[in-house]
Amino acid sequence: LNLLLLPNAQLLVGELAMRTTSGYLFGGLAAARTGTLHIADEVLSGGLSGVAFDDTVRMVSRVTQGCQPVGPARRITRVERNVVATLDGEPALDCLLRDLALDPAEPRKALPRLQVTLVGLSDAATPSVSRAGQFGTDTRVRHLIGIDPRERGIAVADQPEPGMQLAFCSRDTEAARRDLVRICTEIREELEPESLPIEAASMLARQTAGSEASGVTTAGRRIAGAVYVSCAGRGGPHFGGPSAELQIVRRALGDVPLTGFFAGGEIARHHVYGYTGVLTVFTAD
């Protein structure tokens, strides 16, 4: 994904979500090493395409995060375009170095650590970090693309606004694996509460304490098929082997039709995410 195009993609997705009754979209942005293309009756290089479902098609969708916060969520108090100057009134770079336990007098020596650090952004009224220490569903992970040692600011691959919340984070394979199992178990419990094994139900109770769930309870229904969209930055290497991530989904959901693809940005509700997975299951009697 061209990071410069991300704000435009977010605007398109938000506008399209407003045109739907539910306000919920799911899918992903085209990803390629060169030009990105998609097919909607013809080969296209821009815009959005997809399928609209009416209310007779019932589904449940969840977002799984792939990053772990390394510090508290703070309020953005001054920002200019994509450069965050202050967080809670403090220089943003000082907050970053403090969270990473790095020497604030030598920010350039900290570059190797900074290169693997990301930021989680969430809206002003949305909790960024849950009580379990995990990112909430609406948190969008973005790259940290620069620092300003003189002005003590940081540059992120988005255009955040004053009042938004920001938390520094890093990729965490075990946290991503646990969260992926959590959303699968959560969906199965919502659809088939009577048949969920005791061990899985106990794990669900522990892992989802204080978490948010979207969707309408549809007890007694079965999974007719599922679509899983994963970030191109996750995949086999991150989970330990080819198709390892999809195998986790298959084991957790059971023997159901399953398809999906890797994306340059994952779409859920009215947001464009990064380093996440979006699992949507279609249900039937």
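Entry 1. Strands and overall make-up

I took two strands as paired if DSSP finds at least two bridges between them. Helices (H or I, at least four residues) and strands (E, at least two) are DSSP runs, numbered from the N terminus. The model is predicted, so to speak of local features I need pLDDT of at least 70 and for side-chain atom pairs 80 or more, while totals for chains, interfaces and linings use all residues. Residues are numbered from 1 along each chain as its sequence is written, and side-chain values use heavy atoms, with hydrogens and water left out.

I listed the elements of the protein and found seven helices and 17 strands. I then looked up burial (buried is under 20% relative accessible area, exposed over 50%, partly exposed in between; 1.4 Å probe, protein chains only). Of the 285 residues, 46% count as buried. For contacts (heavy atoms within 4.5 Å), I took the pairs at least 6 apart in sequence, and 75% of these join residues at least 24 apart.

Entry 2. Strand β12 and its partners

I asked which strands pair with β12, residues 165–171, and I noted three of them.
- Strand β5 (residues 67–69) pairs with β12 in the antiparallel sense over three bridges. I noted that Gln-68 stands opposite Ser-170 of β12.
- Strand β6 (residues 74–80) runs antiparallel to β12 and is joined to it by two bridges. Here Arg-74 stands opposite Leu-166 of β12.
- Strand β9 (residues 118–122) is also antiparallel to β12, with five bridges between them. Ser-122 has Gln-165 of β12 as its bridge partner.

Why is β12 described as largely enclosed by the rest of the structure? I found that five of its seven residues are buried, so the description follows.

Entry 3. Gly-163

I placed Gly-163 in the loop between β11 (153–156) and β12. Is Gly-163 buried or exposed? Its relative accessibility is 19%, and therefore it counts as buried. I next looked up what surrounds Gly-163. Its C-alpha atom is 5.3 Å from that of Ile-76, although the two residues are 87 residues apart along the chain. Leaving aside neighbours within four places in sequence, I found Gly-163 in contact with Arg-75, Ile-76 and Ala-124.

Entry 4. Strand β17

I examined strand β17, residues 277–284, and found it mostly covered, with eight of its eight residues buried. Gly-277, Leu-279, Val-281 and Thr-283 point one way from β17. Val-278, Thr-280, Phe-282 and Ala-284 point the other way. Both sets are buried.

I then looked up pairing along β17. Strand β4 (residues 59–64) pairs with β17 in the antiparallel sense over six bridges, and the partner of Met-59 in β17 is Phe-282. Strand β13 (residues 222–231) is likewise antiparallel to β17, over eight bridges, and Arg-222 has Ala-284 as its bridge partner there.

Entry 5. The sheet β1-β15-β16

I traced an open sheet of three strands in the order β1-β15-β16, with antiparallel pairing. Which strands are at the edges? They are β1 (25–28) and β16 (271–273), each of which pairs on one side only. The twist from one strand to the next averages 20°. I checked β15 (residues 266–269) against β16 and recorded three bridges in the antiparallel sense. Within this pair, Ile-267 stands opposite Val-272 of β16.

Entry 6. Helices α4 and α7

I looked up the packing of α4 (residues 173–191) on α7 (residues 244–253): the angle is about 30° and the axes are 9 Å apart. Axes are lines fitted to C-alpha atoms, for helices over the stretch in contact, and angles run from 0 to 180 degrees between N-to-C directions. The two helices are therefore roughly parallel to each other (under 35 degrees; over 145 is roughly antiparallel, 65 to 115 roughly perpendicular, the rest oblique).

I recorded the residues that make the contact. From α4 these are Arg-177, Leu-180, Val-181, Cys-184 and Arg-188. From α7 they are Glu-245, Ile-248, Val-249, Ala-252 and Leu-253.

Finally, I asked which residues of α7 are buried. They are Ala-244, Glu-245, Ile-248, Val-249, Ala-252 and Leu-253. Just after α7, I noted that Gly-254 takes a positive phi of about 95°.
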